[in-house]
Structures are given as structure tokens and as C-alpha cells.
Amino acid sequence: MCLCGDFMTSDNFNWYWLHELGTILLDSDDEAYLRTAINRFYFSAFCEARDYLIQNKIYYNEKFRKILHSRSGNVHSATSLIFRRAHEFRPEEVGLGIDYSLTNLRKLRNIADYETPSKDFKNIAIESKSNSYFVFNTLRDL
């Protein structure tokens, strides 16, 4: 079932499509497919979260606004930090859940991208999918 219409798009690109691609790749037991699925789950959730902050002008402070609009590698940690600290997410603690999921997804993506010898990529991919889906559903409900 495609939930694409329920999620934001950026420049006519729907980041949930990367999540769906990860789901397709997850059907395989091939290590390359599973590593790629983990990567797609991370980037789909990260880009959706980053774009949510930009579209809603939630920056926490001017420094993070500049980082979010940059192509710097710091945008990854800044996105998580804004969800953790911004007052817009404090009352429900929803930002902490998104921060946790993004941080976990990045850790799992780093394992998939850099770790040798092989790990249990099937279970890592399943965990990544769950975290990615949490981010999409939580942002949709905000």
C-alpha cells in the first residue's frame, strides 16, 4: 500500500518513495540489497525530517537555520538536535522520539555502509524500516 500522498514532498520528490524502495530491497537476502535498503530507510526519514523543519521554519536558532540550508554534513546532527531541543516539540516529547529514531537510523546506516565483515543485515534492515516508518508517521501526525 502506497502512503505517498500522506507525506511531504520536496521539489516534487516524495521522500517516502525511498522508504518504499528500501521495503522492496528488504525482500531479498542479498547483502548488497540489504545494505542499500538500510541506507534508503535512513535517507528517506532524514530528508523528510529535515524538510519538515525547513518548511515549518523550525530552526531552534540562527546557527541551525544556516546549517539546515547548507550542504554541510552537519545537517544530519543538526536535524536531530533541533527535534531534541526545539520548544515546538517539547510538550509531547515527540521530538525526542524523532531524534532517537534518526540517531538510531544513522548508526545503523553507518554499520551498513562501513562494517566488514558482514553483520546480520536482514535484522538491521528490519529495525531501520521500523525507525523510518516511525519518523514518517510521527511527522504526518504533527
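**Note on the predicted model: pocket, cores and selected residues**

1. The largest pocket of the protein has a volume of about 170 Å³. In this predicted model, the pocket is lined by Phe46, Arg50, Leu68, His69, Ser70, Arg71, Ser72, Val75 and His76. Sorted by class, that lining comprises 3 nonpolar, 4 polar and 2 charged residues, and helices H2 and H4 are each the source of at least two of the lining residues.

2. On confidence, the mean pLDDT of the protein is 91, with 92% of the residues at 70 or more. Among the elements, helix H1 (residues 16-26) has the highest mean pLDDT, 98, whereas strand S1 (residues 9-10) has the lowest, 45. The pLDDT stays below 50 over residues 1-10, although this stretch has 28 contacts in the model beyond near neighbours in sequence. Any reading of those contacts should be made with that pLDDT in view.

3. Turning to the interior, the largest nonpolar core has 32 residues, and Leu53, Phe83, Phe89 and Leu102 are those with the most contacts inside it. At least two residues of this core come from each of H1, helix H2 (31-55), helix H3 (62-68), helix H4 (74-85), helix H5 (94-114) and helix H6 (121-141). Helix H2 gives the largest share, 9 residues. As a general background, nonpolar side chains in soluble globular proteins tend to be buried together.

4. Phe83, one of the residues with the most contacts inside the largest core, deserves a separate look. Once residues up to four places away in sequence are set aside, Phe83 touches Ala49, Tyr52, Leu53, Phe89, Gly95, Leu96, Ile98, Asp99, Leu102 and Leu139. Besides the largest core there is a second, separate one of 8 residues, with Leu26, Leu34, Leu108 and Ala112 among them.

5. Ser44 is a residue of helix H2, and it counts as buried because its relative accessibility is 0%, where the limit for that class is under 20%. Leaving out residues up to four places away in sequence, Ser44 is in contact with Trp15, Leu18, His19, Ser132 and Phe136. For the pair Ser44 and Leu18, a separation of 26 residues in sequence goes with a C-alpha to C-alpha distance of 5.3 Å.

6. Helix H5 holds Ser101, which has a relative accessible area of 3% and is therefore buried. The contacts of Ser101, not counting residues up to four places away in sequence, are with Asn131, Phe134 and Val135. Asn104 also has its place in helix H5; with 7% relative accessibility, Asn104 is likewise classed as buried. Apart from its neighbours within four places in sequence, Asn104 touches Glu127 and Asn131, so that Asn131 appears in the contact lists of both Ser101 and Asn104.

7. Tyr100 lies in helix H5 as well, but it counts as exposed, because its relative accessibility of 54% is over the 50% limit for that class. Tyr100 and Asn131 are 31 residues apart in sequence, and their C-alpha atoms are 8.8 Å apart in space. Within helix H5, then, the model places the exposed Tyr100 beside the buried Ser101 in sequence.

Note on methods
Residues numbered from 1 in each chain as written. Predicted model: local features only at pLDDT ≥ 70, side-chain atom pairs only at ≥ 80, totals over all residues. Heavy atoms only, no water. pLDDT = per-residue confidence, 0-100. Helix = DSSP H or I, 4+ residues; strand = E, 2+ residues; numbered from the N terminus. Contact = heavy atoms within 4.5 Å. Core = buried A, V, L, I, M, F, W, Y, C linked by side-chain atoms within 4.5 Å. Buried < 20%, exposed > 50% of the residue type's maximum accessible area, 1.4 Å probe, protein only. 1 Å grid on protein atoms, 1.4 Å probe; cavity = no way out; pocket = protein on both sides within 12 Å on 5 of 7 lines; lining within 4 Å. Points joined across faces, edges and corners; volume = space filled by probe spheres on them. Nonpolar A, V, L, I, M, F, W, Y, C, P; charged D, E, K, R; others polar.
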